[in-house]
Amino acid sequence: MPYKLSATLLNHSADVRGVVSPTNNLVLSASRDSTAISWSRNSPSSFSPTSILRSGSRFVNAVGYLPPTADAPKGYAVIGGQDMVVNIFVLDSFNKEDPEYSLVGHTDNVCAIHVGPSGIIISGSWDKTAKVWKDFILQYDLKAHQQSVWAVLALGDSEFLTASADKTIKFWMKNKVMRTYEGHRDAVRGLTLVPDLGFASCSNDSEVRVWAMEGDLVYSLSGHTSFVYSVSVLPNGDLVSAGEDRSVRVWRDGECAQVIIHPAISVWSVSAMPNNDIVSGCSDGVIRVFSNSEDRWASEVDQKAFDNEVSSQTLSSQQVGDVKKTDLPGQEVLATPGKKPGEVKMIRVGDTVEAHQWDTVTSSWQKIGEVVDAVGSGRKQLYNGKEYDYVFDVDVQEGVPPLKLPYNISENPFAAAQRFLQQNDLSMNYIDEIVRFIEKNTAGVKLGEDSSYVDPFTGASRYQPSAGHPPSSAPASTFVDPFTGASRYSGNTSHAESPPSVSQAPQTKILPFTTLVTFKQTNIAAMQAKMHQFDDTLRNETSTAACALYPEERVLVDEIFTFLSQITSNTAPISITLGASHIQAIMSILDRWPVAQRFPVMDLTRLVVAYSENIPATPENREKFFDCLFKASDWSSVISQGSCLLKPQETNVLLFLRIIANYFQDGTPVNDGRWVQQIFEGLNQVPYHLLSKPQRVALASILFNYSCVRMKTSANIAQRNLSLCLIFKMLRLEKEDAEVVYRAAVALGNVLCEARDRGTMLNLTSAQQTELKEVLDMIRSGFSDDRINGVVQEMRSLGYPMTD
């Protein structure tokens, strides 16, 4: 018998992101309305809510079921979401807000949950990890994926499968990766066990794949026309999948047996009941049950209403292909039977274009909607492993690859523009231009409510834009900060302005320019919470307990946070003065803590040097301080390796460079001791090609700030030559980023102005004069930026012996 509508479950007010159906009479659902609901069957074709579970106000994305125990005769609901916690509720009352257990450990959105046969729980998160919980205690921490873990499967107490936005699936024995399955061309979104064969996976590449556990691909199922979000196996062996093309598809013997179109943009989740019924959760907030048993079918009136909902939907032309009305046939083409389930034909009915799909169950064409001219449909775009409503290309310079601007329609355009500029270390002077760009390219789309938290998975609301440019495809992942989300702490979001305003006319005199740039932006409370979290983790592990903060260090660290909170509030009186003991505590912690946990300490140091003058206070202590920072950033390994930096190295190096940039302030005693030479001797060894763009911007900012300080203090030729060597190196090797070249060029201009003003122009060696001419010629020919050309022109006018 074919599948037909059995029941419609209405109570959620936003997208239903997860459903499970462990028995014929029980459905659990998770929604972006911040609730999970337990539903019980009232009759063969109806369900009603029996428990509404709410642990907070954040989205709930995933749900699982723990079987009954003596303490919980109806079992438990296991839910996870944006609060980063796995909450476990006893199903014993209608409204519950306090979970019986809260499993804490994830550091980002929990997007996947599965409960194994023995009750073991596995959760997956945007923090790139999966965690296994036994008896409500963390058993294993699964760390190997490079991006968000979107699907998890517990095969037993010690065997697990995880799937990720990094396009891979991994098989784990306890906490060790035993096998990696590769083949999907995009993020892997769902997993299900296929008894006696292996498992099935689904992906944003629109395919369902069936694998043997040994790693062989058994077969692929093609038919979905967009992202496939969820896959499940029916007791009779059929597979069922759901996705962004509004469909649930039933697969039998490697072929599509039935397509069930839904009146919603996305079918987020699908689950199989023991009686072969299918449960789906959709973006319209509705849960639907479909049955192949006639005694559980909904009434003819309800089925007709469902069919009318489907046929009244509007489809963007992008969902069904380019549409040219004059070339379309009329209704007579529907007299010819379709060739396969789900086949779509478009016909012209007057001025309307209708989409019809072949239904093998009724052997007829079923109307599934009217096609509208909408360029850039509701299909999400993937960027850095997460989904956005738009991912725009932004051209910042001719001949340079465009930057990617992700945007959710629920966002305030100014917030999105600010994030984009910060992440790419561009001047905030561009913010109005970026906002206009966003508004122009989302013309006709009504913005939802502004939210301090933006869900990069889909955005806070779903939509069908009536006009606008098509979003670009997602790029390969570049540098990703250790934290994500607008309200989360991130060690890599600090921004420093370009030296002069980018709107300044090229003919305006720039050199010398002596206003320092700084990296000061932060979230103090979140940084403090992250550092304490890492400290607790180290303290609770026997092997790392000795690395945890000593009691006196914890006091000093909390004093630093108090000082930073006061000085950044601009209102609270400053009650604490930082001194040598606070710096010594930071150095001691950096010396003990593992590389992967150092970044909040490095980030704390960035702010300490920015808001405190001349600490450490003596030349000897400054040398010890920067020696500690070189070691904490793993600098010796960085300069010796020829491959890309590991993520902890990448983060720590970026923060280290920003610490140095912040350390050079007005009045910094650069000629007191040899600590400046120590810094530039180390930086001159950097393998420039391995640095990310934010790292290169930070390095150029060091040179710029140092040049500003030199303008106001006595000259040191050895330091100048070391800084010149690094400036020349950057200007020779930087081929792409105008902002990096601009900052380094202004630094060079300041050095030349300072030498001219002190009457030491002729101290440039012949080799330096030659290299000066070569780099100026190189950047003038390599970059068309008016700012850069203006600086080059000014340097040429300073009187140094060079020829055009």
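**Group meeting talk: strands, turns and cores**

Okay, let's start with one pair of residues: glycine 124 has alanine 130, in strand β13, standing opposite. Keep in mind that this is a predicted model. I'll begin with the strands around that pair, then move to some odd backbone angles, and finish with cores and helices.

So, which strands does β13 pair with? On one side there's β12, residues 121-125, joined to β13 by four bridges, and these two run antiparallel. Besides the glycine and alanine pair, isoleucine 122 has valine 132 in β13 as its bridge partner. β12 and β13 make a hairpin, with three residues between the strands. Look at lysine 128 in that turn: its phi is positive, about 80 degrees.

Then there's β14, residues 137-143, which pairs with β13 over six bridges, also in the antiparallel sense. Here threonine 129 stands opposite lysine 143 in β14. This is a hairpin as well, with two residues between β13 and β14. In the turn you'll find aspartate 135, with a positive phi of about 55 degrees.

Zoom out a bit. Four strands make up an open sheet, in the order β11-β12-β13-β14, and the pairing is antiparallel. Which strands stand at the edges? β11, residues 110-115, and β14 do; each has a single partner strand, so one side of each has no neighbour in the sheet. From one strand to the next, the twist averages 20 degrees.

And is β13 largely enclosed or not? Five of its six residues, in the stretch 129-134, are buried, so the rest of the structure largely encloses β13.

Let's hop to another hairpin, earlier in the chain. Strand β4, residues 36-43, pairs with β5, residues 46-53, over seven bridges in the antiparallel sense. Two residues link β4 to β5 in the hairpin, and serine 43 has serine 46 in β5 as its bridge partner. Now look at what else β5 does: two bridges join it to β9, residues 95-96, and that pair runs parallel. In that pairing, isoleucine 52 stands opposite asparagine 95 in β9.

One more strand while we're here. Valine 20 sits in β2, residues 16-23. How far is its C-alpha atom from that of serine 271, 251 residues apart along the chain? The answer is 5.5 Å. Leaving aside neighbours within four places in sequence, valine 20 has contacts that include Leu28, Val63 and Ser271.

Next, the odd backbone angles. As background, most residues other than glycine have a negative phi, and most peptide bonds are trans. Lysine 167 goes the other way, with a positive phi near 80 degrees. You'll find lysine 167 in the loop between β16 (159-164) and β17 (168-173). Arginine 246 has a positive phi too, near 75 degrees, and lies in the loop between β24 (239-243) and β25 (247-252).

So which one is buried and which is partly exposed? Lysine 167 has 39% relative accessibility, so it counts as partly exposed. Arginine 246 has 4%, so it counts as buried.

There's also a cis peptide bond, between leucine 511 and proline 512, with omega about -10 degrees. Proline 512 is in the loop between α4 (431-441) and α5 (524-540).

Right, on to the cores. How many residues does the largest nonpolar core have? It has 102, and among those with the most contacts inside it are Trp593, Phe664, Leu683 and Leu748. Helix α15, residues 738-757, gives the most to this core: twelve residues. There's a second, separate core of 37 residues, including Ala200 and Val248.

Stay with leucine 683 for a moment. Beyond its neighbours within four places in sequence, its contacts include Trp635, Leu699 and Leu726. Leucine 683 is also one of the residues in α12 that meet α14; on the α14 side, Leu722 and Leu726 are among the residues involved.

How do those two helices cross? The axes of α12 (residues 675-683) and α14 (residues 717-733) come within 9 Å and cross at roughly 25 degrees. Angles under 35 degrees count as roughly parallel, so α12 is roughly parallel to α14. The crossing of α12 past α14 is left-handed.

That's my tour, thanks for listening!

Terms used. Residues numbered from 1 in each chain as written. Predicted model: local features only at pLDDT ≥ 70, side-chain atom pairs only at ≥ 80, totals over all residues. Heavy atoms only, no water. Buried < 20%, exposed > 50% of the residue type's maximum accessible area, 1.4 Å probe, protein only. Pairing = 2+ DSSP bridges. Core = buried A, V, L, I, M, F, W, Y, C linked by side-chain atoms within 4.5 Å. Contact = heavy atoms within 4.5 Å. Axes fitted to C-alpha atoms, helices over the stretch in contact; angles between N-to-C directions. Parallel < 35°, antiparallel > 145°, perpendicular 65-115°, else oblique. Left-handed = near helix turned anticlockwise from the far one by under 90°.
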